Amino acid sequence: MILLDGKKTAALLEVETKNRIALLKQQGMTPGLAVILVGEHPASQAYVRSKDQTCSRLGMHSRKLELPTATTQQELLRIIEQLNKDPNIHGILLQSPPPKHIQEKEVTLAIDPRKDVDGFHPLNVAKLVMEDSSGFIPCTPLGCRYLLHAYGISTRGAHVVVVGRSLIVGKPMALLLLQKGLGGDATVTIAHSQTPDLASITRRADILIAALGRPHALGAEHISPGTTVIDVGINRLVDRSTPSGYRLVGDVDFSALASKCHAITPVPGGVGPMTIAMLMQNTVMAAERFASRRN
Ligand code: NDP
């Protein structure tokens with residue numbers, strides 16, 4: 001069994017990202033990322049911290065905007081307007097999920113598509129559908145694709161089953177795999193909560209991508225021998241024996257699948273670090289595009 005090590009792969013990718021940042025700095029530009037967090041969501045606070053630390057490690061400019069839960073939609077839209085105009089900020093993202101009174105769709109629409117490094121703006125979604133490379137692609141699917149490529153696992157002609165149809169993971173993942181060329185050319189099946197007899201579908205997968213948000217939902221009965229398994233899930237289970245009081249587990253039962261599959265991602269240390277690595281790459285790309293418009 002091959003362990004698809006996201007931590008190691010992300011660290012290797014950082015070398016390339018750092019080189020691109022150095023080139024931009026020679027032109028007098030430091031890529032800048034603004035991360036907006038509304039409210040006090042412990043998991044989101046941890047993600048924001050991790051993004052901020054990665055920016056600092058790479059020598060990027062990072063702005064962390066931690067706003068109180070009571071922040072209104074209007075206030076948030078005003079902040080985004082300022083960030084859209086700020087020449088030192090090249091990427092903007094709103095950490096999900098925001099409090100209920102914030103309309104995420106409207107906020108996403110307000111972000112300048114050229115700074116939408118999460119790839120959630122409708123214009124970038126349309127570009128992904130149209131295979132127009134001038135847009136931004138969501139970081140988690142990009143990270144999954146990169147990890148497969150890094151380990152020489154080809155998607156061409158492979159049957160990939162994606163479990164989950166969210167706008168953040170499932171749908172863009174399926175669209176990426178359908179694209180023509182390297183990292184694409186797959187035959188894709190998308191399953192979701194209304195799919196009957198899920199195991200009969202996932203067992204036909206050469207590559208299984210699990211993005212359900214259900215701890216250990218997929219077991220050995222869900223795969224055939226030799227399947228490659230990408231576990232996107234990050235679930236917090238209460239565990240009083242750990243210093244934090246919880247532990248992270250994926251959507252697949254790693255120990256049950258490990259001996260049966262060809263390759264598998266661990267949780268933590270699989271897709272998570274790749275998502276952050278791709279966010280950094282998208283932000284650097286946004287800055288490079290900004291630089292070429294300026295020249
Ligand atoms: P969502 O809750 O938005 O979507 C979950 C999807 O799974 C839905 O399409 C849902 O179907 C489907 N689903 C739920 N239960 C079942 C089931 N029993 N059988 C089949 N399908 C099911 O989650 P996200 O896509 O945002 O995230 C998925 C997981 O990935 C989460 O654990 C999340 O924490 C993690 N994640 C990890 C990231 C990383 O960097 N590693 C980044 C982003 C997310 P339906 O549409 O019918 O409701």
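For the counts below, Ala, Val, Leu, Ile, Met, Phe, Trp, Tyr, Cys and Pro are nonpolar, Asp, Glu, Lys and Arg are charged, and the others, Gly among them, are polar. The model is predicted.

**Exercise 1. The second largest pocket**

Find the volume of the second largest pocket, then describe its lining by class and by element.

*Solution.*
Step 1: take the volume. The second largest pocket holds about 600 Å³ of space.
Step 2: go to the centre. The lining has 33 residues, and Leu142, Arg145, Tyr146, Leu182 and Gly183 are the closest to the pocket centre.
Step 3: sort the lining by class. It has 11 nonpolar, 13 polar and 9 charged residues.
Step 4: assign elements. Helix H1 (6-26), helix H5 (122-129), helix H6 (139-150) and H10 each give at least two residues to this lining.

**Exercise 2. The ligand site**

Which residues come nearest to the ligand, and which polar atoms lie at what distance from ligand atoms?

*Solution.*
Step 1: list the shell. There are 21 residues around the ligand, and the nearest are Arg165, Ser166, His192, Ser193 and Thr275.
Step 2: take the side chains. A side-chain N or O atom of Ser166 is 2.5 Å from a ligand oxygen. For Thr275, a polar side-chain atom lies 2.8 Å from an oxygen atom of the ligand.
Step 3: take the backbone. His192 places a backbone N or O atom 3.4 Å from a ligand nitrogen.
Step 4: work out the cover. On its own the ligand has 930 Å² of accessible area, and the protein covers 70% of that.
Step 5: classify the shell. It divides into 8 nonpolar, 10 polar and 3 charged residues.
Step 6: find the main element. Helix H10 (residues 271-294) gives the most to the shell, with 3 residues. H10 also supplies at least two residues of the lining in Exercise 1.

**Exercise 3. Enclosed space**

How many cavities of 30 Å³ or more does the structure contain, and what lines the largest cavity?

*Solution.*
Step 1: recall the principle. Rolling a probe the size of a water molecule over the atoms shows where empty space is left.
Step 2: count. A search of the whole structure finds 1 cavity of 30 Å³ or more.
Step 3: give the volume. The largest cavity has about 80 Å³.
Step 4: name the lining. The residues are Ile92, Leu93, Leu94, Glu104, Val107, Thr108, Ile111, Asp116, Asp118 and Phe120.
Step 5: map them to elements. Strand S4 (91-94) and helix H4 (104-110) are the elements that give two or more residues.
Step 6: sort by class. The lining has 6 nonpolar, 1 polar and 3 charged residues.

**Exercise 4. Backbone exceptions**

Where do the cis bonds to Pro97 and Pro268 sit, and where is Glu131, with its positive phi?

*Solution.*
Step 1: set the expectation. Most residues other than glycine have a negative phi, and most peptide bonds are trans.
Step 2: check Pro97. The Ser96 to Pro97 bond is cis, with omega about -5 degrees. Pro97 is in the loop between S4 and H4.
Step 3: check Pro268. Val267 and Pro268 are joined by a cis bond with omega near 0 degrees. Pro268 is in the loop between strand S11 (263-264) and H10.
Step 4: check phi. Glu131 is not a glycine, yet its phi is positive, about 60 degrees. Glu131 is in the loop between H5 and H6.

**Exercise 5. Domains**

Give the domain bounds and the separation of the domain centres.

*Solution.*
Step 1: read the assignment. Domain 1 covers 29-113 and domain 2 covers 139-273.
Step 2: take the centres over C-alpha atoms. They are separated by 27 Å.

Key. Residues numbered from 1 in each chain as written. Heavy atoms only, no water. 1 Å grid on protein atoms, 1.4 Å probe; cavity = no way out; pocket = protein on both sides within 12 Å on 5 of 7 lines; lining within 4 Å. Points joined across faces, edges and corners; volume = space filled by probe spheres on them. Helix = DSSP H or I, 4+ residues; strand = E, 2+ residues; numbered from the N terminus. Domains from an automatic or database assignment. Near = heavy atom within 4 Å. Polar contact = N/O pair within 3.5 Å; in protein donor to acceptor, adjacent residues only side chain to side chain. Areas by Shrake-Rupley, 256 points an atom, 1.4 Å probe, with all protein chains shown as cover.
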